[in-house]
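Here are a few exercises to work through with the model open beside you. Try each one yourself before you read the solution.

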Amino acid sequence: MPAETKLFRCLKDNYGVLIHDPASGATAAVDAPEATPVEAALKATGWKLTDILVTHHHADHTGGIAELKKNYHCRVVAPKAEAGKIPLVDETVSEGDTVSVGKLTANVIETPGHTLGHITYWFHGDKLAFAGDTLFSIGCGRVIEGTMEMMWNSLKKLRDLPGDTRVYCGHEYTLANARFAIAVDPDNQAISGRLAAVQSMRERGDITLPTSIGEERATNPFMRAASVDEFARLRSQKDSFG
Ligand SMILES: [Zn+2]
């Protein structure tokens, strides 16, 4: 049975997301920005939380863990390299490991750069990836702890996933990202098409995720960079873009 997902807003511009295995009833929250909206999403779906899969240690991805763990006794899976910075971890994972959520299976892909231990969960059988703050729709995370080269290599790994992989990210930055993308790649019709679509979605208050690897390959300036130098130049430019 295919996985089901539920995406919802948390904090100021974070997303929380649930992935549910209808066969076993298992449900994982990918990151836990805060407990209340996760619990509201569980109530709305009738799903029971069994696991929390953490992408990286930042507080806006882990702030809800303690309360959810207390209320649901769920398993907390976290990147090995950051386990010391994440509360109540039960299991640590690194590159090449797999994580089961009921009968669903995720491959762990190390995607450092935003933080040193950041990981992406790729449910290849369900064509779903949860990229945290590494890949955003038409953008990417800031390079805070790692090097430009680390982040570039992480984006290349995600670029190599199948084009029809649906991608969930940690934040709603799509409109600002699309404005930057068209500024640096003005003749790209795929970007202008997406900018128009995203603009009207945001005017309606709609969520712009998930995106897909195929759409990102066509429109994401960071993923489309020809070299680490071009990536680094774009990333620095974006940091100071209006
Ligand atoms: Zn972060």
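**Exercise 1.** Which residues of helix α1 (residues 35-45) are buried?

Solution. Keep in mind that you're looking at a predicted model.
- Step 1: a residue counts as buried when its relative accessible area is under 20%.
- Step 2: go along α1 with that cut-off, and you pick out Ala 35, Pro 37, Val 38, Ala 41 and Leu 42.
- Step 3: to make sense of such spacing, recall that an α-helix has 3.6 residues a turn, so residues three or four places apart point the same way.
- Step 4: now see what the buried residues of α1 pack against: the strands β1 (4-10), β2 (14-20) and β3 (27-30), plus the helix α3 (65-72).
- Step 5: step just past the end of α1 and you meet Gly 46, with a positive phi of about 75°.

**Exercise 2.** Work out how β2 is joined to β1 and β3, and how enclosed β2 is.

Solution.
- Step 1: take β1 and β2, which run antiparallel and are joined by seven bridges. Leu 7, for instance, has Val 17 in β2 as its bridge partner.
- Step 2: look at the turn. β1 and β2 make a hairpin with three residues between them, and Leu 11 in that turn has a positive phi of about 45°.
- Step 3: do the same for β2 and β3, an antiparallel pair with four bridges. Here Leu 18 is partnered by Ala 29 in β3.
- Step 4: this hairpin has six residues between its strands, and Gly 25 in the turn shows a positive phi of about 85°.
- Step 5: check both faces of β2. Asn 14, Gly 16, Leu 18 and His 20 are buried on one side, and Tyr 15, Val 17 and Ile 19 are buried on the other.
- Step 6: that's seven of the seven residues of β2, so the strand is largely enclosed by the rest of the structure.

**Exercise 3.** What is the strand order in the open sheet of six strands, and which strands sit at its edges?

Solution.
- Step 1: trace the order as β7-β8-β9-β10-β13-β14, with mixed pairing.
- Step 2: find the strands that pair on one side only, and you get β7 (98-101) and β14 (211-212) as the edges.
- Step 3: zoom in on β14. Two bridges join it to β13 (residues 166-168), and the two strands run antiparallel. Val 167 stands opposite Thr 211 in β14.

**Exercise 4.** Find the empty spaces: what lines the largest pocket and the largest cavity?

Solution.
- Step 1: start with the largest pocket, at about 240 Å³. It has 15 lining residues, and the closest to its centre are Phe 136, Arg 142, Tyr 173, Arg 235 and Lys 238.
- Step 2: ask which helices contribute. α5 (174-184) and α9 (228-239) each supply at least two lining residues, and α9 gives the most, with three.
- Step 3: sort the pocket lining by class, and you have six nonpolar, four polar and five charged residues.
- Step 4: turn to the largest cavity, with a volume of about 80 Å³. Its lining includes Tyr 15 and Val 17, along with Val 30, His 61 and Phe 130.
- Step 5: sort this lining too: seven residues are nonpolar, four polar and one charged.

**Exercise 5.** How many helices and strands does the protein have, and how compact is it?

Solution.
- Step 1: count nine helices and 14 strands.
- Step 2: compare the radius of gyration, 17 Å, with the 18 Å from the globule rule for 242 residues; the values are close, so the protein is as compact as a globular protein of that length.
- Step 3: add the burial figure: 52% of the 242 residues are buried.

Terms used:
Residues are numbered from 1 along each chain as its sequence is written. This is a predicted model: local features need pLDDT of at least 70, side-chain atom pairs count only at pLDDT 80 or more; totals for chains, interfaces and linings use all residues. Side-chain values use heavy atoms; hydrogens and water are left out. On a 1 Å grid over the protein atoms alone, a cavity is a set of points where a 1.4 Å probe fits but cannot get out, and a pocket is an open set with protein on both sides within 12 Å along at least five of seven lines; lining residues have an atom within 4 Å of a point. Grid points are joined across faces, edges and corners, and a volume is the space filled by probe spheres set on the points. Ala, Val, Leu, Ile, Met, Phe, Trp, Tyr, Cys and Pro count as nonpolar, Asp, Glu, Lys and Arg as charged, and the others, Gly among them, as polar. Buried means under 20% relative accessible area, exposed over 50%, partly exposed in between (1.4 Å probe, protein chains only). Contact means heavy atoms within 4.5 Å. Two strands pair if DSSP finds at least two bridges between them. The radius of gyration is taken over C-alpha atoms; the globule rule is 2.2 Å times the number of residues to the power 0.38.
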